[in-house]
Amino acid sequence: EAVTEAVQRGMNIIYRGVPGCGKTFMANCDARLIVGHKESNRIKQIDFTENLDYSDTMVGLRQSDDGSWRYIKGEIAQFCEFADRNKDKRFVLILNEFTRANTEAVLGQMFTAMENKYRGREFTLGTDRGVKKLDRATEERFYVVDVRPLWEEWATSEDSFNSLIDNLEIRVGSTEYNIVKQLCSVMAEANNIFEDGGILTTDNQIGQRQLLQFVNQTDIDGNQIVYDTKTLKIVIEQLISRVKPMVDMQSQLDSSISELNKLLEECNA
């Protein structure tokens with residue numbers, strides 16, 4: 001509701017959180033609420049990559065089959081034209097992995113046009129990618145939604161955990177049920193440690209992507225993937241690979257502090 005109210009007032013939304021905590025999923029859910037349909041061609045998601053540039057999103061020179069060159073409009077420009085032809089309807093553009101690309105070079109004038117006070121003004125698309133970076137004043141005009149990992153909610157809310165179990169299609173009281181229940185508690189505790197301050201921070205928290213990655217998915221033979229112990233083994237191994245480097249980093253730093261303290265004692269001797 002808060003997001004739809006912000007959108008109603010012309011604000012852009014930033015979903016902020018650690019990788020794998022459900023930002024894209026939440027953005028798509030909110031987009032469907034905004035346009036009023038579960039599936040709609042009025043929702044467009046652009047996935048930013050390191051190689052994405054202005055010609056992919058806005059406009060650029062492309063060579064045709066006959067060897068001639070002409071300006072071709074990119075995905076965002078085409079979507080904006082589609083929206084302009086249907087001004088009585090709502091459209092949602094989702095820029096996924098927003099910080100992965102050179103955002104200024106990718107969006108160009110779009111940086112200005114996306115602000116509410118400039119909407120409706122005409123802009124001439126060109127190949128000049130020089131644009132002022134998104135400064136703090138502009139950034140503060142965005143409505144920021146902090147998306148937190150769901151481990152804590154699953155570990156503390158019976159209703160949320162039951163919804164998770166239903167989503168995973170796991171039988172209540174089974175071995176898999178007990179494993180997932182304990183897994184949620186362990187990961188919630190790990191993420192809470194990161195909130196206590198010190199070397200590791202909330203930026204190091206771990207999302208729930210690894211657990212949910214097989215929901216409604218099929219294997220290479222086309223069979224529905226079930227959340228049995230074999231599947232959960234893969235999930236847990238992935239989570240261990242995420243946690244272990246941070247544990248090692250903390251241990252190394254603790255060791256360094258210990259050695260520095262020993263040197264300090266020698267200086268005081």
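Modeller: Helices (H or I, at least four residues) and strands (E, at least two) are DSSP runs, numbered from the N terminus. By that rule the protein chain has 12 helices and 6 strands. The structure is a predicted model, in which local features need pLDDT of at least 70 and side-chain atom pairs count only at pLDDT 80 or more, while totals for chains, interfaces and linings use all residues. Residues are numbered from 1 along each chain as its sequence is written, and side-chain values use heavy atoms, with hydrogens and water left out.

Biologist: Where does Asn216 lie, and what is its phi?

Modeller: Asn216 belongs to the loop between helix 11 and helix 12, and its phi is positive, about 60°, although Asn216 is not a glycine.

Biologist: Why is Asn216 called buried, exposed or partly exposed, whichever of these applies?

Modeller: Buried means under 20% relative accessible area, exposed over 50%, and partly exposed in between, computed with a 1.4 Å probe on protein chains only. Asn216 has 60% relative accessibility, so Asn216 counts as exposed.

Biologist: Which word fits Asn12, buried or exposed, and how do you know?

Modeller: The relative accessible area of Asn12 is 18%, which falls below the cut-off for that class, so Asn12 is buried. In the chain, Asn12 sits in the loop between helix 1 (2–8) and strand 1. Once residues up to four places away in sequence are set aside, Asn12 touches Met114, Glu115, Arg119, Phe142 and Tyr143, where contact means heavy atoms within 4.5 Å. Over the protein chain as a whole, buried residues make up 32% of the 269 residues.

Biologist: What share of the contacts between residues at least 6 apart in sequence joins residues at least 24 apart?

Modeller: Among those contacts in the protein chain, 62% join residues at least 24 apart.

Biologist: What makes the pairing of Arg16 and Asp146 a salt bridge?

Modeller: A salt bridge is a side-chain nitrogen of Lys or Arg within 4 Å of a carboxyl oxygen of Asp or Glu. For Arg16 and Asp146 the N to O distance is 2.7 Å, so the pair meets that rule. As a general matter, side chains of opposite charge can pair when their charged atoms come close.

Biologist: Which parts of the chain does the pair of Arg16 and Asp146 tie together?

Modeller: Arg16 lies in strand 1 (residues 13–16) and Asp146 in strand 6 (residues 143–146), so the salt bridge ties together parts that are 130 residues apart in sequence. Arg16 itself counts as partly exposed, at 46% relative accessibility. A search of the whole structure finds 10 salt bridges.

Biologist: Why do Glu237 and Lys233 count as a salt bridge, and how are they placed in helix 12?

Modeller: Their side chains meet at 2.7 Å, N to O, so Glu237 and Lys233 satisfy the rule for a salt bridge. Both are in helix 12 (residues 229–268), and because they are 4 residues apart, about one helical turn separates them. Glu237 is partly exposed, with a relative accessible area of 41%.

Biologist: How do you know that Lys262 and Glu259 belong with the salt bridges?

Modeller: The distance between Lys262 and Glu259 is 3.7 Å, N to O, so this pair too fits the rule. Lys262 and Glu259 both lie in helix 12, 3 residues apart, about one turn of the helix. Lys262 has a relative accessible area of 45% and is partly exposed, and Glu259, at 43%, is partly exposed as well.

Biologist: Which residues of helix 9 are buried, and why are they said to line one face?

Modeller: In helix 9 (residues 158–168) the buried residues are Ser160, Phe161, Leu164, Ile165 and Leu168. Seen down the axis of helix 9, they fall within an arc of 140°, so they line one face of the helix; the arc is that of the directions from the helix axis to the C-beta atoms. These buried residues pack against helix 8 (151–156), helix 10 (175–194) and helix 11 (209–212). On the other side of helix 9, Glu158, Asp159 and Asp166 are exposed.

Biologist: What follows helix 9, and why is that residue called exposed?

Modeller: Helix 9 is followed by Glu169, which is found in the loop between helix 9 and helix 10. Its relative accessible area is 66%, so Glu169 falls in the exposed class. Glu169 has a positive phi of about 55°, although Glu169 is not a glycine.
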